[in-house]
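Good morning, and thank you for making time for this presentation. Please have the sequence and the structure in view while I go through the charged pairs, the helix packing and the backbone.

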Amino acid sequence: MKSVLFSRFFILLPWILIVIIMLDVDTRRPAPPLTPRPYSSPYAGGRGGARTPLRRGTPGRNTEPRNESRPPQPPPEPLLPTIYAITPTYSRPVQKAELTRLANTLRQVAQLHWILVEDAAARSELVSRLLARAGLPSTHLHVPTPRRYKRPGLPRATEQRNAGLAWLRQRHRHGRAQPGVLFFADDDNTYSLELFQEMRTTRKVSVWPVGLVGGRRYERPLVENGKVVGWYTGWRADRPFAIDMAGFAVSLQVILSNPKAVFKRRGSQPGMQESDFLKQITTVEELEPKANNCTKVLVWHTRTEKVNLANEPKYRLDTVNIEV
């Protein structure tokens with residue numbers, strides 16, 4: 001009997017060992033992931049497109065969600081108002097020199113459009129070439145001053161400034177105009193770049209001091225509590241606006257809202273054109289003081305010394321015609 005049991009035991013022993021080994025190997029295998037495998041939707045990629053795996057359910061406890069948030073985008077910068085600089089000019093020995101100096105200044109001003117108006121019956125080659133090399137947005141106009149207005153003591157550049165105003169109104173006659181500022185930039189002045197930063201925020205009419213004008217070192221609006229209350233000037237303090245042409249800027253919207261506002265010939269005296277023009281569009285109480293409440297000079301009414309050409313006809317002229 002014992003021999004039969006022993007014989008059966010030894011027959012089953014190998015099979016028992018095999019079963020034990022298989023169970024031990026199976027328990028050492030890594031457990032399958034708790035999250036389901038990605039599911040491919042037949043509609044994810046569209047007809048004929050590649051299928052994109054879609055995840056079903058929410059992430060498991062031990063899985064980190066994907067961070068798909070984008071960094072916040074900065075707000076769009078406000079549109080920079082365009083400065084329209086109207087410059088009357090006429091033919092003279094220093095014309096190119098003064099326009100070159102002014103062009104070098106305006107070239108450094110962002111978002112500026114130069115309106116150059118010649119006192120002539122036609123556009124000159126000199127000014128046309130200068131504008132072509134200036135490298136800034138510009139418009140070249142021309143209108144002659146009638147001979148009867150060229151007498152000493154009469155206002156100058158009236159027709160040229162009015163031509164610039166007419167061009168602006170014609171340009172923006174359709175639709176709403178973009179933000180802009182108008183400035184009368186005579187070619188014999190000297191301008192600080194800071195001045196253009198100051199005038200760009202003009203809401204209606206802004207003002208500031210002007211150096212070397214009126215027989216004084218400077219003229220300026222007198223300001224109290226942020227309002228213009230008078231004028232520091234050396235000539236005709238009784239003027240409604242005792243200010244130089246280089247001492248103010250006007251919002252483009254104001255120009256367009258007052259289509260009849262122009263520089264006048266009849267009834268206007270020398271030195272009074274600024275007042276005659278500003279009276280049509282604003283009041284002293286509405287003026288906006290700039291340049292640290294009108295305590296900084298950022299523009300100078302410089303005048304080029306009259307050129308001495310007395311020796312030109314005395315000597316033989318050059319065989320080469322050089323533009324000066």
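Arg161 is buried in this predicted model, its relative accessible area being 6%. Its side chain meets that of Asp186 in a salt bridge, at 3.2 Å from N to O. Asp186 is buried as well, because its relative accessible area is 13% and the limit for buried is under 20%. Where do the two residues of this pair lie? Arg161 belongs to helix 4, residues 158-171, while Asp186 is found in the loop between strand 6 (180-184) and strand 7 (190-191). The pair therefore links distant parts of the chain, 25 residues apart.

As general background, side chains of opposite charge can pair when their charged atoms come close.

I turn to a second pair. Lys296 and Glu194 form a salt bridge through their side chains, with an N to O distance of 2.6 Å. Lys296 sits in the loop between helix 8 (291-294) and strand 14, and Glu194 is part of helix 5, residues 193-199. These distant parts of the chain are 102 residues apart. Are these two residues buried or partly exposed? Lys296 is partly exposed, at 31% relative accessibility, and Glu194 is partly exposed, at 28%.

The third pair is Lys96 with Glu323. The closest N and O atoms of these residues are 2.9 Å apart, in a salt bridge. Lys96 lies in helix 2 (residues 95-106) and Glu323 in the segment after strand 14, so the contact ties together parts that are 227 residues apart in sequence. Glu323 counts as partly exposed, with a relative accessibility of 28%. Which residues share partners with this pair? Lys96, Glu125, Arg129 and Glu323 are joined into one network by salt bridges with shared partners. The count of salt bridges in the model comes to eleven.

The segment after strand 14 (299-300) also contains Val320. Together with Ile322 and Val324, Val320 makes a nonpolar surface patch of about 310 Å². Val320 itself is partly exposed, at 49% relative accessible area.

Next, the packing of helices. Two packed helices are described by the angle between their axes and the distance between the axes. For helix 2 and helix 3 (residues 125-134), the angle is about 20° and the axes are 11 Å apart. Because angles under 35 degrees count as roughly parallel, helix 2 is roughly parallel to helix 3. The crossing of these two helices is right-handed.

Finally, the backbone. Most residues other than glycine have a negative phi. Which values does phi take at Gln111 and Ala291? Gln111 has a positive phi, near 50°, and Ala291 has a positive phi, near 55°. Gln111 is located in the loop between helix 2 and strand 4 (112-118), and Ala291 in helix 8. In accessibility, Gln111 is partly exposed, with a relative accessible area of 43%, whereas Ala291 is buried, at 1%.

To close, I return to two points for discussion. Arg161 and Asp186 are buried partners in a salt bridge, and the network that includes Lys96 and Glu323 involves a pair of residues from helix 2 and the segment after strand 14. I welcome your questions.

How values were computed
Residues are numbered from 1 along each chain as its sequence is written. This is a predicted model: local features need pLDDT of at least 70, side-chain atom pairs count only at pLDDT 80 or more; totals for chains, interfaces and linings use all residues. Side-chain values use heavy atoms; hydrogens and water are left out. Patches are made of residues with over 30% relative accessible area and no salt bridge: like charges are joined within 9 Å, nonpolar side chains (Val, Leu, Ile, Met, Phe, Trp, Tyr) within 5 Å. Accessible areas come from the Shrake-Rupley method with a 1.4 Å probe; for residues, only the protein chains shown count as cover. A salt bridge is a side-chain nitrogen of Lys or Arg within 4 Å of a carboxyl oxygen of Asp or Glu. Helices (H or I, at least four residues) and strands (E, at least two) are DSSP runs, numbered from the N terminus. Buried means under 20% relative accessible area, exposed over 50%, partly exposed in between (1.4 Å probe, protein chains only). Axes are lines fitted to C-alpha atoms, for helices over the stretch in contact, and angles run from 0 to 180 degrees between N-to-C directions. Angles under 35 degrees count as roughly parallel, over 145 as roughly antiparallel, 65 to 115 as roughly perpendicular and the rest as oblique. A crossing is left-handed if the near helix is turned anticlockwise from the far one by less than a right angle, and right-handed if clockwise.
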